[in-house]
Amino acid sequence: MIHTRRTLSRDTLWLIVWLSGIAALAVWDTLFLNRPALKLLIGGFVNTFCVALMVIVVTLALGWATTILLHSLEKRKSRIGYLIATFVLNLVRSVPQVVGILIGYVWIAFMIQDGTLRNQFAVFTVMACCMSLFIFLELVDLMRERILHYQRLDFYNALLVCGVSERRIVNFDILWKNSRIHIFNKLISIFGMAVFLQCSIDFVISVGLSTDVSSVNLPPTLGSLLANIDSKQDILAIGYTLTHPGYVGNLFMGHLQGISIAFVIVFTLLSVYQVANGYAERHRL
Amino acid sequence: MKQKLLEHLSSLLFVSAILVAVLAVMGMRGDAGAAKKDTLTLALQSLPLSSTRDAFHRALLKDVVNIYYPGQYDKTSATVDAVIQQREVDFARSLQSSHVKERLTVGRFVQILGMYAKFLVIYVLVLALTYYGVQTIGTWRFVRKKARAESRQPRHGLARIARAAALGIPKALAYAVLFSPAYVVAYSVRTEFNTDSAFFMVLLATMCNGLLIVYSNKFYAFLTSESRRGYVETAMAKNLTASYGSNAIPLKAILRPFKKFDGHVFGHIFANTRQQYLSSVKEQASFLITGLVITEMALNIHGYLSYEMLRQLLYKNFSIVIVILLLIFITVKMTEILVDVKMHRESMRFENRASTGGTAA
């Protein structure tokens, strides 16, 4: 592993680029965006990233637990148990993420209306669980691949002969000591995926289900803010600028709310992608 | 292969059975509810009460009920009030939802099948385009990098800065489009272009949502790791063309839909990489469906399957939602089956070739 590079690695560079970009936008918006819109934007940004971070935590827990479950079922030669588990997981895999999450979100909105979900933290947690349910299999695949890879090497059998328990070998020696970089890299990608899915679902729900399951019920996120009529008009102004280039200056002053939200989403997705790729390159994954 | 097919088919049957069962249960509940309501309504309608809002009719109803149940004035009065109130609520609700409540009829099912056919055409087109695009972009990046490394003419100073400045803005714009969720791009150009057409849908689903860039990068990574394998050096030692400079692999060959690089070591690298890439096509197809569903829903265009699903979800017409869900699930499963069959065939072909001394796997 290379840890002593003098030049900045691509992932660090893109992390700095992302932080600088967001900081520059924050300064610009503080100067030129009206207070209520700025407050909404900050709220949406914080909510979106809180849920995305929670998705990472839930995905990690769910992925790790499922990997261990599958491994132990396989080891115990419990053929039926293993077949049922893989059948269920493959079934979840075949549901397009957006469809599964959309149904989950509608269910959350109904729970909010019923009063079952009352505080924001509970809503975020259930949102994160819904998303994780349709993302965590990517992590399971990676972890199982790593276990399989190390099982083929000598050290697995050597450790078993030395009396180390299999649970410790899998959890500590394989997954933690030798795969945490791979897992971390996957989690970075999952973060990007969570931001994309959350913004998209919130946008879709706010645009399409605007009467019954409205954005009033769900905490505001970047997606629901983008679906806001003001933001949509700001985005439409980009199209106008294509045919009237002289209008470009107004985008950064008069249409700041929508442009800022769209910028945060796109810039975050791009940066996360670059960070994940840079990290993989740096660690030769 | 048989086991995989069996698994796919059993999960298809399992999910279909569950969804059809839910559909049947919902249908029965709906009928039971309707029957219950009808009995109540009939009971009221059988009484000489033409308008529940008319005070005279209300008083008349109470008097009649009191004659039938003498000595229970308070109880019967409260019951009649409750029944009348419920009847008013039911009437208002039925008026409000009369234009949105739908049941799954044969006509509606055929209409949904039409939307599904449109969805399928767009899906197949986008899948084909991204399949081609991923391989073309990945190959082009790989060949260009190799050619540059061979030419050994790194740009310094002003030339580098000038090039970066000239390419910077178009590159940033291209990245912005490639990584943008499709609805951001669609709304950005909505005032100038008609974004409601199937053509635009195909364009958005192919270019946006990060699909093309993520998977072309994956293909590029596969090419890079494949090019480090031992057989590449063996091929070079056996004098197979391995140079990428001086247009050894022309752009025309890279852009070809069915790529072949005969006589060049890259031909073998590409064939082996394509084999690896096939395994991620399932994942790519699933992500593509996600992107397509988001795009259709976000653009709110009538007559598209995903928008219809969203609309029916809003109106709580769950029987129609279930049918649409089943159709989408069938699409995913059929894609998985086709990819597995293709992979199986390819691996069989590769194994045969390996035994006759062909491309190294």
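**Exercise: contacts along the chain**

Find what share of the contacts in chain B with a separation of 6 or more comes from residues 24 or more positions apart.

*Solution.* Start with the term: two residues are in contact if their C-beta atoms, placed from the backbone, lie within 7 Å. In chain B, residues 24 or more positions apart account for 74% of the contacts with a separation of 6 or more. Now try chain A, where the share counted in this way is 77%.

Before going on, a word about the model and its labels. This is a predicted model, in which local features need pLDDT of at least 70 and side-chain atom pairs count only at pLDDT 80 or more, while totals for chains, interfaces and linings use all residues. Residues are numbered from 1 along each chain as its sequence is written, and chains are lettered from A and ligands numbered from 1 in the order in which they are written.

**Exercise: helices, strands and burial**

Work out how many helices and strands chain B has, and what part of its residues is buried.

*Solution.* Helices (H or I, at least four residues) and strands (E, at least two) are DSSP runs, numbered from the N terminus. Counting them in chain B gives 13 helices and zero strands. Chain A also comes to 13 helices and zero strands.

For burial, count C-beta atoms, placed from the backbone: a residue is buried if 20 or more others lie within 10 Å of its own, exposed if 12 or fewer, and partly exposed in between. In chain B, 27% of the 361 residues are buried. In chain A, buried residues make up 41% of 285. To picture chain A, imagine its C-alpha atoms in a box of roughly 75 × 55 × 35 Å along the principal axes.

**Exercise: three residues, buried or not?**

Decide whether B:V126, B:N209 and A:I22 are buried or partly exposed.

*Solution.* Begin with B:V126, in helix α4 (residues 106-151) of chain B. B:V126 is buried because it has 25 C-beta neighbours inside 10 Å. Beyond its neighbours within four places in sequence, B:V126 touches B:V202, B:A205, B:T206, B:L288 and B:L292.

Next comes B:N209, in the loop between α7 (198-207) and α8 of chain B. B:N209 has 28 other C-beta atoms within 10 Å, so it is buried. Look at its backbone too: B:N209 has a positive phi of about 65°, although it is not a glycine.

Last is A:I22, in helix α1 (residues 10-32) of chain A. A:I22 has 16 C-beta neighbours inside 10 Å, so it counts as partly exposed. The C-alpha atoms of A:I22 and A:F267 are 8.8 Å apart, with their positions 245 residues apart in sequence.

**Exercise: the nonpolar core**

Name the residues with the most contacts inside the largest nonpolar core.

*Solution.* A nonpolar core is a set of buried Ala, Val, Leu, Ile, Met, Phe, Trp, Tyr and Cys residues joined through C-beta atoms within 7 Å. The largest one here has 138 residues, and A:V55, A:M131, A:A194 and A:V204 have the most contacts inside it. Helix α11 (residues 265-299) of chain B gives the most to this core, with 17 residues. Now zoom in on A:M131: leaving aside neighbours within four places in sequence, its contacts are A:V55, A:I101, A:A194, A:L197 and A:Q198.

**Exercise: where the chains meet**

Find how many residues each chain brings to the contact, and which element of chain B gives the most.

*Solution.* Chain B brings 36 residues and chain A brings 35. On the side of chain B that touches chain A, α11(B) gives the most, with seven residues. To sort residues, count Ala, Val, Leu, Ile, Met, Phe, Trp, Tyr, Cys and Pro as nonpolar, Asp, Glu, Lys and Arg as charged, and the others, Gly among them, as polar. The side of chain B then divides into 22 nonpolar, nine polar and five charged residues.

**Exercise: two crossing helices**

Describe how α11 (residues 229-243) and α13 (residues 256-282) of chain A cross.

*Solution.* Axes are lines fitted to C-alpha atoms, for helices over the stretch in contact, with angles from 0 to 180 degrees between N-to-C directions. The axes of α11(A) and α13(A) come within 7 Å and cross at roughly 80°. Angles under 35 degrees count as roughly parallel, over 145 as roughly antiparallel, 65 to 115 as roughly perpendicular and the rest as oblique. Therefore α11(A) is roughly perpendicular to α13(A). By class, their contact has four nonpolar, four polar and three charged residues.
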